[in-house]
Amino acid sequence: MTVSRPLTAYPAGRHALLVELSDAEHTAAFHTEVLRRRAAGSLPPVTEVVPGARTVLLDGVADPEALARRVTGWEVPPVADDAGDVVEIPVHYDGPDLADVAALWGVAPGEVGARHASFTYRVAFCGFAPGFGYLTGLPAHLNVPRRSTPRTRVPAGAVALAGPYSAVYPRATPGGWQLIGTMPDPRPLWDPARERAALLTPGTRVRFVTADGTTDGTATKGTAADGTSADGTPADGAGRGRTAADGSPAADAPPEAGA
């Protein structure tokens, strides 16, 4: 398979190349191809490769214009389902928005966890906060909107949904995603003392498993690793974040899911 729609590649400053693609699927495939060619030694030297929602930034490029001409001719195969390391995330499906998500999905609240945990996800890109990965893999018919009223504080370890993405909050921050569960100990998501500080890096596959040993995804409501209730704190104002590497608004969701 080649990229079905023309990609756009243009210099971003003197030593970087920004490649824009049509959707998340093609972005993931292009990012994987960049890494494959880099490992094989067939890619000109780059210092950093940063995927976004629909972009891939190649930094530290000696001749961005020459590389732009080169990448437009690449054949880019789809990402294999079994490609990439697998990380398992334990979760109690006890989130305060569980009933709302269940209603949107047309199932009982106790079925949300089992359904969510039945898919294998992939980290498309990272942003918003250190260790925060945007996970694709939820079917389109299960996409849910962000909350109409964001919370000023979402607890660390909250497992959340917004638009086509799933995520786990590595630290307590503002956020407007639908909270469906809690990772009992979110500290592994971001560990600066580790060689690779982020547990969830682009391309990593992710599976959610129930933390209490149940098979139906149900659990009683507990507390997050920072000692707060899984409910978080409702508020009227939305959280504000930094700018993501691809220049998009860096709240806890890219343009597809809102800021």
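Student: What is the relative accessible area of phenylalanine 132?
Tutor: This is a predicted model: local features need pLDDT of at least 70, side-chain atom pairs count only at pLDDT 80 or more, and totals for chains, interfaces and linings use all residues. Residues are numbered from 1 along each chain as its sequence is written; side-chain values use heavy atoms, with hydrogens and water left out. Buried means under 20% relative accessible area, exposed over 50% and partly exposed in between (1.4 Å probe, protein chains only). Phenylalanine 132 is buried, and its relative accessible area is 0%.

Student: How many aromatic pairs does a search of the whole structure find?
Tutor: Rings of Phe, Tyr and Trp (its six-membered ring) pair if their centres lie within 6.5 Å; planes under 30 degrees apart are stacked, over 60 edge-to-face, the rest tilted. Searching the whole structure gives a number of aromatic pairs of 11.

Student: How many residues apart in sequence are the parts that phenylalanine 128 and tyrosine 169 tie together?
Tutor: The two rings are edge-to-face, at 6.3 Å centre to centre and 85 degrees between the planes. Helices (H or I, at least four residues) and strands (E, at least two) are DSSP runs numbered from the N terminus. Phenylalanine 128 is in the loop between E6 and strand E7 (133–136), and tyrosine 169 in the loop between strand E10 (165–168) and strand E11 (173–175). The separation in residues is therefore 41.

Student: How far apart are the ring centres of phenylalanine 132 and tyrosine 169?
Tutor: Tyrosine 169 is buried, at 0% relative accessibility. Its ring plane and that of phenylalanine 132 stand at 80 degrees, so this pair is edge-to-face. The ring centres are apart by 5.3 Å.

Student: Which residue of helix H1 forms a salt bridge with arginine 36?
Tutor: A salt bridge puts a side-chain nitrogen of Lys or Arg within 4 Å of a carboxyl oxygen of Asp or Glu. Arginine 36 is partly exposed, at 46% relative accessibility. Its partner lies 3 residues away in H1, about one turn of the helix. The closest N and O atoms are 2.7 Å apart, and the partner is glutamate 33.

Student: Is glutamate 33 buried or exposed?
Tutor: Glu33, Arg36 and Arg37 are linked in a network of salt bridges. Arginine 37, at 17% relative accessibility, is buried. Glutamate 33 has 4% relative accessibility, so it counts as buried.

Student: In which strand does the salt-bridge partner of aspartate 97 lie?
Tutor: Aspartate 97 meets arginine 151 in a salt bridge (3.0 Å, N to O). The pair links distant parts of the chain, 54 residues apart. Aspartate 97 is in the loop between E5 and H3, while arginine 151 (residues 151–154 form its strand) is in E8.

Student: Which element gives the most to the largest nonpolar core?
Tutor: A nonpolar core is a set of buried Ala, Val, Leu, Ile, Met, Phe, Trp, Tyr and Cys residues joined through side-chain atoms within 4.5 Å. The largest one has 26 residues; Trp105 and Leu200 are among those touching the most other members. Strand E5 (86–91), helix H3 (98–105), strand E6 (121–126), strand E9 (158–162) and strand E13 (205–210) each supply at least two residues. With 4 residues, the element giving the most is H3.

Student: How many residues are in the second, separate core?
Tutor: This core includes Leu7, Leu58, Leu67 and Val71. Its number of residues is 19.
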